[in-house]
There are 2 protein chains.
Amino acid sequence: MLTKKQHTLLMLIHDKLKEDGVAPSFEEMKVALELKSKSGIHRLINALEERGFLRRLPNRARALEIIKLPEDEDTSPASNNLFRPEFGNRAPEVDPNTIEIPLHGKIAAGTPIEALEQYENIGVPAGMLGTGSYYALDVDGDSMLEAGILDGDRVVIERCDSANSGSIVVALVDEEEATLKTLQKRGPDIALEPSNRDFETQTYPANRVRIQGRLVGLLRQY
Amino acid sequence: MLTKKQHTLLMLIHDKLKEDGVAPSFEEMKVALELKSKSGIHRLINALEERGFLRRLPNRARALEIIKLPEDEDTSPASNNLFRPEFGNRAPEVDPNTIEIPLHGKIAAGTPIEALEQYENIGVPAGMLGTGSYYALDVDGDSMLEAGILDGDRVVIERCDSANSGSIVVALVDEEEATLKTLQKRGPDIALEPSNRDFETQTYPANRVRIQGRLVGLLRQY
DNA sequence: TATTCTATGCTAACGAAGAAACAACACACA
DNA sequence: TGTGTGTTGTTTCTTCGTTAGCATAGAATA
C-alpha cells in the first residue's frame with residue numbers, strides 16, 4: 001500500500017501530532033526526511049491523501065489529519081486473494097472511521113425544522129466529512145425529489161452561512177421557515193429552488209434568508 | 001491541523017473554560033498571547049471555527065465552546081456543558097459503530113460489474129446493516145434516476161439470491177451482465193425494471209437471471 | 001535489451017494564508 | 001448613554017503550500 005518514504009512520513013506526522021498536537025509544516029518535514037526541497041513532501045502528502053491515510057485542507061498551514069495508520073500489513077500471501085469467485089465474504093469488523101454528528105430533526109419545505117426533544121447522534125463515514133461542523137436532518141416531503149432526495153432520506157449538512165449558487169442548502173426564511181432547496185443568487189435576491197415540478201421557486205430579498213448549512217451527504221435505508 | 005498560534009489559543013480557551021467556567025474575552029486573549037490588537041484573535045478564532053474545534057455564537061460575548069481538542073486529549077466535556085445550553089451540540093467523536101464492507105466496483109445498466117483490482121473497504125453506519133453479508137457498489141449511469149439513485153451514488157447491497165417483487169436488486173443476466181433494477185416476477189419470467197423513461201424494462205426467463213443482492217442502503221456525497 | 005512507469009530528488013518561482021499592528025465602528029447590556 | 005466587547009478593514013511582513021521543469025534509479029513490461 002505505501003512506499004517506505006510514504007510510511008516514514010506518515011509516522012512522522014503521526015508522532016508530531018501526538019507530541020505537539022500540531023502537524024509539522026512542509027519545511028519541517030523536509031528537514032526531518034533530510035530532503036532539500038519541499039516538493040517531494042508535497043508529492044508524498046498527495047500520495048497519502050489519495051490512499052486515504054490523511055485528510056487535509058488545501059492551502060491551509062499545517063492542516064493535516066491522520067485518518068488511518070497502515071497497521072494492516074496484512075498477513076499471509078492469502079491477502080493476494082485475487083479472486084472472489086462469489087464476492088468473497090469478509091467478516092464485518094468494527095472500524096473507527098466514523099464521526100458522530102447530531103441529528104437535529106426533520107426538515108421539510110415550508111415548515112420549520114422540527115427539533116428533537118433530545119439530541120441523538122448518528123455515525124457517518126469519516127470520508128463523507130471534512131473538518132467543518134456538521135449535523136444531520138431527516139427529509140420530510142418530496143420537494144427535492146428530482147434531485148434524488150427522497151422523503152425519509154437523511155441528509156448531512158455542513159454548517160456554514162453562505163454558499164454558491166447551485167448548492168443545495170438549508171435556508172431559514174424570516175427566521176422561521178427552514179427548507180432544503182437549491183440556492184440561486186439573483187442580484188440582491190435569493191431564489192430557493194425546489195427540484196419538483198409541483199413546487200415553486202421562491203424568491204426573497206437576501207436579508208430575509210439565512211443560510212444554515214450546505215448539503216454534503218445523504219444516507220438512505222431501504 | 002492547526003498552526004502553533006491556533007493551538008496555543010485553543011488550549012488557552014480550554015484552560016480558562018475549565019478554570020473559570022467562562023471563556024476569555026478577546027481582550028484577555030489578546031493579552032495572554034501578547035498581541036497588541038484583537039483582530040489577530042478574531043482571525044485565529046475564525047480559523048479554529050473553520051476547522052471544527054470551536055463553536056461560537058456571533059455577536060455574543062464570550063460565547064465560545066470547544067468541540068474538540070487536537071488529538072483528542074479528552075475534555076471530559078460534561079464540565080463545560082453546564083451553561084450555554086443553546087449550543088446543545090456534541091463534539092464529533094470517533095465511534096465504533098461502523099461496519100466495514102468491501103467495495104466491489106461499479107455497477108451500471110447493461111454492463112458487468114467492473115471489478116476493482118484490489119479490495120477496498122468502506123465504512124458504513126452499523127445501523128444501516130443487519131446481520132447479513134454486505135458489499136457496496138458505485139452506481140454508474142442514470143438508469144435508476146427516478147428512484148432517487150444517481151450516477152455516482154454508492155449503494156449498499158445485502159447478499160441474497162432471491163427477493164420480492166418491487167425490491168431493487170443486483171441481477172446478473174446470463175452470468176455476464178449485472179444491473180441494478182427493480183425486480184418484478186411475472187409468472188415464469190423475471191422483469192428487470194429501470195426507473196428512467198429512457199430505459200426499457202427487460203424480461204427474461206427466470207433461469208437466465210441470478211439475483212446477487214438486494215439494495216438496502218445508499219450513500220451519497222456532494 | 002529497450003521502453004515505460006513509478007517513486008523520488010532538486011531548483012526556483014509564485015501565490016495564498018498566517019500573523020501583527022493600528023484604526024474605526026457596531027452591538028449588547030446595564 | 002457609556003463601557004466592555006466583538007467585528008471589519010488596511011497595510012505590511014513572514015511563513016507556508018503549490019507548481020513546473022528537469023533528472024535519476026529501480027521495477028515492470030514488451
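Let's start with the secondary structure of chain A: this predicted model gives the chain 3 helices and 11 strands. If you walk along from the N terminus, you meet the three helices, and the strands follow in an unbroken run, α-α-α and then β-β-β-β-β-β-β-β-β-β-β. Chain A has 222 residues, and 46% of them are buried. For those of you who like contact maps, take the contacts in chain A between residues at least 6 apart in sequence: 55% of these join residues at least 24 apart. As for the surface, chain A exposes about 11,900 Å², with carbon and sulfur atoms supplying 48% of that area.

Now, on to the DNA, beginning with strand C. How many residues surround DNA strand C? There are 24, and the closest are Thr3(A), Lys5(A), Ser37(A), Arg43(A) and Asn59(A). On the DNA side, sugar and phosphate account for 62% of the strand C atoms that come within 4 Å of the protein. Bases are reached too, and here serine 39 of each chain is worth a look. An N or O atom in the side chain of Ser39(A) sits 2.8 Å from a base nitrogen of DNA strand C, and for Ser39(B) the corresponding distance to a base nitrogen of that strand is 3.0 Å. For a backbone contact, look at Lys5(B), where a polar side-chain atom is 3.3 Å from a phosphate oxygen of DNA strand C. Which elements give two or more residues to this surface? They are helix 1 (4–20) and helix 3 of chain A, along with helix 1 (4–20) and helix 3 of chain B. Sorted by class, the surface near strand C has 5 nonpolar, 10 polar and 9 charged residues.

Next, the other strand, D. It has 23 residues around it, and the ones that come nearest are Phe26(A), Arg56(A), Phe26(B), Arg56(B) and Arg62(B). Of the strand D atoms within 4 Å of the protein, 60% belong to sugar or phosphate, and the rest to bases. Phe26(A) uses its backbone here: one of its polar backbone atoms is 2.6 Å from a phosphate oxygen of DNA strand D. Two side chains go to bases instead. Lys38(A) places a polar side-chain atom 2.9 Å from a base nitrogen of strand D, while Arg43(B) has a side-chain N or O atom 3.1 Å from a base oxygen of that strand. Helix 3 (38–50) of chain A and helix 3 (39–50) of chain B each supply at least two residues of the surface near DNA strand D. By class, that surface has 6 nonpolar, 8 polar and 9 charged residues.

Let me finish with some strands in chain B. Strand 7, residues 168–173, pairs with strand 8, residues 177–186, in the antiparallel sense over 6 bridges. To find the register in your viewer, pick Ala171(B), whose bridge partner in strand 8 is Thr179(B). Strand 8 also pairs with strand 9, residues 189–193, again antiparallel, over 5 bridges. There, Lys185(B) has Ile190(B) as its bridge partner in strand 9. What do strands 8 and 9 of chain B form? They make a hairpin with 2 residues between them, and Gly187(B) in the turn has a positive phi of about 60°. When you color the side chains, remember that in a regular strand they alternate between the two faces of the sheet.

Definitions and conventions. Residues numbered from 1 in each chain as written. Chains lettered and ligands numbered in written order. Predicted model: local features only at pLDDT ≥ 70, side-chain atom pairs only at ≥ 80, totals over all residues. Heavy atoms only, no water. Helix = DSSP H or I, 4+ residues; strand = E, 2+ residues; numbered from the N terminus. Buried < 20%, exposed > 50% of the residue type's maximum accessible area, 1.4 Å probe, protein only. Contact = heavy atoms within 4.5 Å. Areas by Shrake-Rupley, 256 points an atom, 1.4 Å probe, with all protein chains shown as cover. Near = heavy atom within 4 Å. Polar contact = N/O pair within 3.5 Å; in protein donor to acceptor, adjacent residues only side chain to side chain. Nonpolar A, V, L, I, M, F, W, Y, C, P; charged D, E, K, R; others polar. Pairing = 2+ DSSP bridges.
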